[in-house]
Amino acid sequence: MATKVVLIPGDGIGPEVAQAAQRVIDAAGADIEWTVRHAGEAALAAGEKALLPQSTLDLIAEYGVALKGPCTTPVGTGFRSVNVLLRKTLDLYAAVRPIRTMHGVKSRYENVDLVIVRENTEGLYAGIENEITKGVCTSIKVATEAASRRVADYAFRYARERGRKKVSVFHKANIMKLTDGLFIRCAREVHDAQYQDIAYEEVIVDAACMKMVQDPTKFDVILAENLYGDILSDLCAGLVGGLGVTPGANIGEKGAVFEAVHGSAPDIAGKGVANPLALVMSGVMMLNWLSATRGDPKFRESATRIRGAYDRALTEGAVTRDLGGTLGTMEFADALVKRL
Ligand code: NAI
């Protein structure tokens, strides 16, 4: 029986890259039955009453898995982030973002291979903001022991299961002594109690950013609270060729939502030029996750085929414009299908 997956096209370039990713995943032989549900401005356009309709949340909860395009969040005013709300509501507590250099993709560094594990439910993204009086606003940063321990445990477990050697916690506990202090204390305690086989370090986030740009190969798994993990993800994308090649997963206890790091890219939306590779790679993460959680090795086989196809396409110069090529979104999907 086909495995049911929710497909959320999202906003901007979302529908274009989602269609391309779906095409590649289907062509790789993954037995998936897709159900489209909307989120973001696309939900309102489809006649829903909310940006994040309950029916979308319910179906993700029922199927336990979704592949998601990006959703627009207006700057400064307007509604809060659909993405933050979705991750929080479904308790997708760990954002996992692998960053690696690839043959055929021009980048400033070689041999980068690291993974960011970002706490996905609290920190400054808890959304507790107030205008206390005119001209004075506050935003409250939330750190709980339960969430900090849970994501630390995930990061160490992830490292161990994949033969990774070191977890670096990025923090600013020198200034935010209580919130970031709690975050690193939990990480340290989880490490000392259960994961002494993995090397562990704490790095102040500003210095860490400098070190990252000087030599990203020094890092392996990076654990960070929500805001640092968000900013760092784009910084790291820039180290390996940009947002077109940076996939991601939001993992919870009861399910997972896979999405690229990039946003809805309004500057290129509707032009058919967006690079779908980051979402295709997120799809590969989804297939591997399905294989592990549902015990079906066929998903892993499909994932390996897709990985081989994009490695070959990139090496042979079949790439989209952001990577210096000429292919459009669906042309690139076709190039992958041809190489499966
Ligand atoms: P963005 O990631 O959408 O775009 C940044 C730059 O990268 C743009 O120049 C864009 O054209 C380029 N780019 C991004 N993805 C690309 C792709 N696949 N192929 C080729 N070029 C690509 O970030 P921006 O402009 O800051 O945000 C736009 C909107 O997306 C905002 O409303 C933001 O809130 C939202 N967003 C949503 C996310 C999500 O749904 N997970 C994540 C990040 C941003």
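In this predicted model, helix α8, made up of residues 226–239, lies across four strands: β4 (94–100), β5, β8 and β10. Its direction runs at about 155 degrees to that of β5. A second helix, α7 (residues 205–214), also packs on the sheet, and it touches β5 (113–119), β8 (166–171), β9 and β10 (221–224). The direction of α7 makes about 110 degrees with that of β9.

What are these helices resting on? The sheet is an open one built from 10 strands, and reading across it gives the order β2-β1-β3-β12-β11-β4-β5-β10-β8-β9, with mixed pairing. At the edges stand β2 (32–36) and β9 (199–204); each has a single partner strand, so one side of each is left without a neighbour in the sheet. From one strand to the next, the twist averages 25 degrees.

Zooming in on β10 gives a good feel for how the strands line up. On one hand, β10 pairs with β5 in the parallel sense over four bridges; on the other, it pairs with β8, again in the parallel sense and over four bridges. Valine 221 of β10 turns up in both pairings: valine 115 stands opposite it, and so does valine 167. As for the side chains of β10, Val221 and Leu223 point one way while Ile222 and Ala224 point the other way, and all of them are buried. Elsewhere in the sheet, strand β1 (residues 3–8) is paired with strand β3 (residues 65–68), also in the parallel sense, this time over three bridges. There, isoleucine 8 has lysine 68 in β3 as its bridge partner.

Next comes a pair of helices that pack on each other. Such a pair is described by the angle between the two axes and the distance between them. For helix α1 (residues 14–27) and helix α9 (residues 277–294), the axes come within 9 Å and cross at roughly 45 degrees. The two helices are therefore oblique to each other, and the crossing of α1 past α9 is right-handed. Where they meet, α1 brings Val17, Ala18, Ala21, Val24 and Ile25, and α9 brings Leu279, Val280, Gly283 and Leu287. Sorted by class, this contact has eight nonpolar residues, one polar residue and no charged ones.

Val17 shows up again in the surroundings of threonine 329, a residue of helix α11 (residues 329–339). Setting aside neighbours within four places in sequence, threonine 329 is in contact with Glu16, Val17, Ala20, Gly272, Val273, Ala274 and Pro276. Is threonine 329 buried or exposed? Its relative accessibility is 2%, under the 20% cut-off, so threonine 329 counts as buried.

Finally, a couple of loop residues have backbone angles worth a look. Most residues other than glycine have a negative phi. Asparagine 111, however, has a positive phi, near 60 degrees, without being a glycine. This asparagine 111 sits in the loop between β4 and β5 and is exposed, with a relative accessible area of 64%. Alanine 265, likewise not a glycine, has a positive phi of about 40 degrees. Its place is the loop between β12 (256–259) and α9. With a relative accessibility of 22%, alanine 265 counts as partly exposed.

How values were computed:
Residues numbered from 1 in each chain as written. Predicted model: local features only at pLDDT ≥ 70, side-chain atom pairs only at ≥ 80, totals over all residues. Heavy atoms only, no water. Pairing = 2+ DSSP bridges. Axes fitted to C-alpha atoms, helices over the stretch in contact; angles between N-to-C directions. Contact = heavy atoms within 4.5 Å. Parallel < 35°, antiparallel > 145°, perpendicular 65-115°, else oblique. Left-handed = near helix turned anticlockwise from the far one by under 90°. Nonpolar A, V, L, I, M, F, W, Y, C, P; charged D, E, K, R; others polar. Buried < 20%, exposed > 50% of the residue type's maximum accessible area, 1.4 Å probe, protein only.
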